[in-house]
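User: I'd like to go through the metal sites and the ligand site here, and hear the reasoning behind each label. Can you take my questions one at a time?

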Amino acid sequence: MQTIFDTIKKVAIKIDHAIKTEDLGYSDSENSSGEDQLKLDVKSDYIIEEAFKDISIVKALVSEEKEGILALHEDGNYTICYDPLDGSSLADVNLSVGSIFGIYAGELKGENLVASAYVVYGPRIELVLAVKGEKPQHYRAQDGLFNFISEITLDEKGKLNAPGGTQQNWADHHKTFVDGLFAEGYRLRYSGGMVPDLHQILLKGGGIFSYPGTTDKPNGKLRQLFEVIPFAFIYEQAGGQSINDKGLRLMDLVPTHPHDTSPCFFGSNYEVNALKAAYGVEN
Ligand code: AHG
Ligand code: MN
Ligand code: MN
């Protein structure tokens, strides 16, 4: 696992360099979710594939930017599912973007996730790593090396509300929930990049990030294997909760296709419990 983490650190430095120096325009292709790929999406995917392809413990790669599963080493133990550049359409307005990695042992489903990581490319490069049974670890890069800063623990209740999805297409009970938090004094924090938005909630003690099912996207937008499950793991390890719209743990998701999505909610305990009440899925 250390080899995988060390490789993530190396690719983070390279992707950051690409973001800062390369063309921010569109390529002439689409990804599996029907989104136009930016040249930076394609380049970041290439950097990650090149870095992992010779590592014998890596059985396969699953990327937001690739249609199927890329088989690497038959005897490898781990499949790495990743979003090479999350929030990439924010790069041209100079907002923070990220990379997300889920490391799975065996069949690709939530309960087989053994570690996850994300990188934030902002004013600084930051990295969060999580393994089972331990608090997530927060690092910051300096001169190309990642220095450990602290463990991450969510408070029981926070102050931030990050509500995703097109509001016009929200269900009434979702709107009631979001409005209820604002009526309690919560502050809106939503950049449109799940990595910096979820990172902010983790580091500022708590709150909730939601990306619900909507009338136009009943299963939400965010993809299970490389966006939802890796962050679900990190929020649980930090002492929070990560659930879907039925109140089920996102760590119990079993995707049937690499690019399946799910409604998702990540937060500290108070806000997720309030969400369960609003959705009528208390357990
Ligand atoms: P990606 O750039 O990898 O396609 O993902 C963007 C995602 C996520 O980062 C963000 O939270 C969400 O899309 C924003 O969607 P909305 O613009 O619909 O809120
Ligand atoms: Mn993404
Ligand atoms: Mn992406």
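Analyst: Sure, here are the metal ions first and then ligand 1, keeping in mind that this is a predicted model.

User: What makes Glu64, Asp83 and Leu85 the protein donors of the manganese ion (ligand 3)?

Analyst: Distance. A donor is an N, O or S atom within 2.8 Å of the metal, and the atoms here, OE of Glu64, OD of Asp83 and O of Leu85, lie 2.2 to 2.5 Å from the ion. So they qualify as donors. Along the chain they follow the spacing E-x18-D-x1-L. Glu64 sits in the loop between strand 3 (58-63) and strand 4 (69-71), while Asp83 is in strand 5 (residues 78-86), so the pair ties together parts that are 19 residues apart in sequence.

User: And what coordinates the manganese ion (ligand 2)?

Analyst: That ion has Asp83 (OD), Asp86 (OD) and Glu227 (OE), at 1.9 to 2.1 Å. With the cut-off at 2.8 Å, these count as donors too. Their spacing in sequence is D-x2-D-x140-E.

User: Which residue coordinates both manganese ions, ligand 2 and ligand 3?

Analyst: Asp83 does, and the two ions are 3.7 Å apart.

User: Why are Glu64, Asp83 and Asp86 called buried?

Analyst: The label needs a relative accessible area under 20%, with only the protein chains counted. Glu64 has 5%, Asp83 has 0% and Asp86 has 7%. Each value is under the 20% limit, so buried it is.

User: On to ligand 1. How do you know which residues surround it?

Analyst: A residue counts if one of its heavy atoms lies within 4 Å. That gives 18 residues, the closest being Asp86, Gly87, Tyr190, Met194 and Tyr211. Strand 5 and strand 13 (207-211) each supply at least two residues of this shell, and strand 5 gives the most, with 3.

User: What makes the pairs with Ser88, Tyr190 and Met194 polar contacts?

Analyst: The test is a pair of N or O atoms within 3.5 Å. A polar side-chain atom of Tyr190 is 2.5 Å from an oxygen atom of ligand 1. Backbone N or O atoms do the job for Met194, at 2.8 Å, and for Ser88, at 3.3 Å. Every one of these distances is within 3.5 Å, so the three pairs pass. As for cover, ligand 1 taken alone exposes 470 Å², and the protein buries 82% of that.

User: Why say that ligand 1 sits in the largest pocket?

Analyst: Sitting in a pocket means that more than half of a molecule's atoms lie within 2 Å of the pocket's grid points. Ligand 1 is assigned to the largest pocket.

How values were computed. Residues numbered from 1 in each chain as written. Chains lettered and ligands numbered in written order. Predicted model: local features only at pLDDT ≥ 70, side-chain atom pairs only at ≥ 80, totals over all residues. Heavy atoms only, no water. Donors = N, O, S within 2.8 Å, 3.2 Å for Na, K, Ca; no water. Helix = DSSP H or I, 4+ residues; strand = E, 2+ residues; numbered from the N terminus. Buried < 20%, exposed > 50% of the residue type's maximum accessible area, 1.4 Å probe, protein only. Polar contact = N/O pair within 3.5 Å; in protein donor to acceptor, adjacent residues only side chain to side chain. Areas by Shrake-Rupley, 256 points an atom, 1.4 Å probe, with all protein chains shown as cover. 1 Å grid on protein atoms, 1.4 Å probe; cavity = no way out; pocket = protein on both sides within 12 Å on 5 of 7 lines; lining within 4 Å.
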